[in-house]
Amino acid sequence: MSNDTSKPSNPLLVCEGLPPFDQIQPEQVRPAMTQLLTELEQELQTLESAVEPTWTGLVEPLEKLGDRLSWSWGIVGHLMGVKNSPELREAYEAVQPQVVEFINRFSQSQPIYGAYKQLQQSQDWSQLDPAQKRIVESAIRDAELSGVGLEGEAKDRFNEIQLELANLATQFSNHVLDATKAFNILLTNPAEVAGLPPSLLSLSAQAARAVGEKAANPEHGPWLMTLDIPCFGPFMQHSQRPDLREKLYRAYISRASEGEFDNTEIIDRILKLRKEEAKLLGFETYAEASLASKMAPTVSAVETLQEQLRQASYDQAKAELETLKTFAKEQGAEDGGDLKHWDVSFWAERQREAKFDITDEQLRPYFPLPQVLEGLFSLVNRLFGVTVTAADGKAPVWHEDVRYFQVANEQGEAIAHFYLDPYSRPAEKRGGAWMDECLGRAKFRHGNDIQTRLPVAYLICNQTPPVDGKPSLMTFREVETLFHEFGHGLQHMLTQVDYAGAAGINNVEWDAVELPSQFMENWCYDRQTLMGMAKHYETGEPLPEDYYQKLLAARTYMSGSAMLRQLHFGMVDIELHHNYQPGGSEQVKQVRDRIAQTTTVLPPLPEDSFLCSFGHIFAGGYSAGYYSYKWAEVLSADAFSAFEEAGLDNDDAVRDTGRRFRDTVLALGGSQHPMEVFKSFRGREPSTEALLRHSGLTI
Ligand code: ZN
């Protein structure tokens with residue numbers, strides 16, 4: 001690796017340093033990955049045949065091996081997101097199955113698992129530091145959760161279940177997709193689209209053209225309304241036709257619950273198999289197996305948290321509905337105070353507009369990107385003592401708009417770098433925003449030499465590019481998103497852990513990983529931070545006070561209802577994966593209806609079959625994990641409240657608290673259990689008080 005005289009001709013095989021984005025071409029992907037996988041497979045075999053159960057004989061070579069794969073494949077994955085093309089996609093799809101196969105083989109290797117176990121029982125074990133031990137323990141746990149520890153019949157059965165579950169998940173999501181597609185209504189009369197925003201009119205006219213209505217246009221229609229979220233959501237909020245809202249709503253809640261796309265039996269089968277799988281692994285329930293790799297210690301800890309939040313939000317949600325009814329009545333709603341399910345979003349949106357409407361367009365001029373970046377960088381300087389400076393030109397980039405920055409510590413030494421790709425490029429770049437690792441912090445041995453590689457992050461946003469000489473003007477949501485992703489980036493970049501397996505976000509439990517990101521979002525509402533950066537890009541005038549007040553009010557608008565809704569999903573998820581008995585007397589739907597009695601203020605309609613389209617838990621990664629949204633919010637709100645307690649106007653206190661956050665949450669990464677990390681920052685276990693207070697809820 002360190003031998004520079006024989007630099008590979010394929011830039012994707014360099015496997016060290018910054019990615020040479022100026023040299024990489026899609027046609028290099030296939031040969032590079034094929035060659036790399038062949039080499040790695042050989043190395044893995046060599047390692048397996050003579051594995052030495054020590055840190056340097058086992059973990060270090062595995063880290064090196066994994067690092068080469070993630071260097072090359074990481075670049076390809078990154079380019080898929082930011083510089084997509086038919087050629088790249090084709091190359092990616094051609095090699096992806098082999099990469100996945102290798103990763104599975106790598107993570108399910110019996111000899112490697114055996115060596116980890118031996119290391120744990122060897123004399124060397126006591127010589128390892130806590131971070132090293134945790135890396136080994138996590139590796140063993142993950143291997144065991146994927147069935148590597150099983151033998152004989154149990155192993156065969158486990159593999160059978162895995163296969164069937166994978167098929168069922170695919171069927172489940174295909175049914176949801178097909179059922180969603182199977183319904184639409186074509187609106188032809190302008191009276192039927194009354195109230196709809198221009199963006200939805202464009203979208204639905206485009207959908208109509210796609211089904212053959214060649215002349216469809218946003219002004220005159222026809223308009224095709226579907227159950228896809230970008231259509232269904234705004235339609236429920238803005239359509240002035242209760243009859244049409246009802247039609248769409250009823251179709252939406254009964255998706256995939258009957259006929260050829262019925263998911264009812266699939267749900268039963270999934271729950272039954274998950275329970276059996278958990279038992280094979282030595283757990284009583286699937287929820288317990290799921291929590292084995294999470295921060296939440298026990299199912300009852302999750303239940304306690306959810307119940308606490310439920311009690312704090314239920315009455316408020318009820319009151320919010322009453323207020324909304326009164327509002328609707330005053331505005332002359334058809335049924336007066338009797339709001340139906342399909343009326344709630346509509347009237348909630350009208351009430352929001354009446355109370356504190358503030359449009360993106362009003363806010364944008366106050367948030368030009370360069371100013372927002374300056375505000376963000378000065379905040380992280382204030383909190384964490386790090387200095388961010390432009391380093392453009394010091395790294396090859398994949399597009400001319402991409403910026404490169406250096407992060408330096410208080411002594412002025414570089415400790416990390418990051419790329420920022422801020423603007424949307426629909427032709428080649430995926431939507432949304434994300435942070436990803438380019439290089440992780442790690443110490444590598446080169447002979448007798450030990451070198452520390454500094455972390456490098458990718459920060460990707462999708463905001464409006466500068467036009468007509470104006471800078472990129474951001475919506476407030478985009479500002480929050482940038483802060484959020486930067487929070488993930490900080491955990492990646494300010495890590496002090498030198499073991500690749502636990503540096504930055506590596507080995508951080510899934511329900512704790514949103515702590516730094518959501519923590520950073522809080523600062524967008526902090527007066528000093530916000531007012532410091534929100535200035536009109538032409539006049540320099542600060543953000544008007546009433547805009548600020550509206551932003552604060554909007555943050556807690558109908559927060560009781562929003563929280564209760566998330567709790568409803570989370571509690572149904574845990575109940576189904578913990579207490580529910582497949583084949584017992586209570587059906588899945590009855591479980592949901594029972595929980596709805598205390599977690600909804602408008603009981604679900606009899607035909608409401610939302611579980612049949614609840615892909616998060618039946619076809620995604622959130623099974624017995626939906627609670628994580630709230631779990632992480634509790635952590636991030638409570639972390640921010642340490643600054644509130646210290647006094648947000650007290651610069652010294654904010655500085656000290658910030659340094660403590662840097663040295664614990666941001667520095668320790670996955671080297672300690674997240675509860676220990678949290679406690680070393682906060683001095684105690686997390687409390688729900690701050691989240692409730694920030695949400696405008698009090699017990
Ligand atoms: Zn996030």
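Which residues touch the most other members of the largest nonpolar core? The legends below take up this point first, for a predicted model.

**View 1. The largest nonpolar core holds 118 residues.** Phe367, Phe384, Phe418, Phe483, Met520, Leu543 and Phe618 touch the most other members. Helix H15, residues 369-384, gives the most to this core. Its share is nine residues. Another core lies apart from it. That one has 60 residues, among them Val76, Tyr92, Trp398 and Ala503.

**View 2. Contacts of Phe618, leaving aside neighbours within four places in sequence.** Phe618 is in contact with Ala169 and Phe172. Its contacts also include Ile267, Ile270, Leu271 and Arg274. Leu576 and Leu611 are in contact with Phe618 as well.

**View 3. The zinc ion is coordinated by His484, His488 and Glu514.** Each histidine donates through NE2. Glu514 is listed for two OE donors. The distances run from 2.1 to 2.7 Å. Angles among the four donor atoms span 51 to 140 degrees. The site is irregular, because a tetrahedral one would need all angles between 85 and 135 degrees. Along the chain, the donors follow the spacing H-x3-H-x25-E. His484 sits in helix H16, residues 476-493. Glu514 sits in the loop between H16 and helix H17, residues 515-522. The two are 30 residues apart, and the pair links distant parts of the chain. His484 is buried, with a relative accessible area of 13%. Glu514 counts as partly exposed, at 26%.

**View 4. Phe21 and Trp398 form an edge-to-face aromatic pair.** The structure holds 43 aromatic pairs. In this one, the rings are 4.9 Å apart, centre to centre. Their planes make an angle of 70 degrees. Phe21 lies in the segment before helix H1 (29-49). Trp398 lies in the loop between strand E3 (387-390) and strand E4 (403-408). The pair therefore ties together parts that are 377 residues apart in sequence. Both partners count as buried: Phe21 at 6% relative accessibility, Trp398 at 4%.

**View 5. Ring pairs link aromatic residues into a cluster.** The members are Phe384, Phe519, Trp523, Phe640, Phe643, Phe661 and Phe681. Phe384 is also one of the residues that touch the most other members of the largest nonpolar core.

**View 6. Two arginines lie over ring faces.** Arg255 lies over the face of Tyr252, at 3.9 Å from the ring centre. Arg350 lies over the face of Phe346, at 4.7 Å from the ring centre.

How values were computed: Residues numbered from 1 in each chain as written. Predicted model: local features only at pLDDT ≥ 70, side-chain atom pairs only at ≥ 80, totals over all residues. Heavy atoms only, no water. Donors = N, O, S within 2.8 Å, 3.2 Å for Na, K, Ca; no water. Tetrahedral: all angles 85-135°; square planar, octahedral: opposite > 155°, others 65-115°. Helix = DSSP H or I, 4+ residues; strand = E, 2+ residues; numbered from the N terminus. Buried < 20%, exposed > 50% of the residue type's maximum accessible area, 1.4 Å probe, protein only. Phe/Tyr/Trp six-rings, centres within 6.5 Å; stacked < 30°, edge-to-face > 60°. Lys NZ or Arg CZ within 6 Å of the ring centre and 35° of its normal. Core = buried A, V, L, I, M, F, W, Y, C linked by side-chain atoms within 4.5 Å. Contact = heavy atoms within 4.5 Å.
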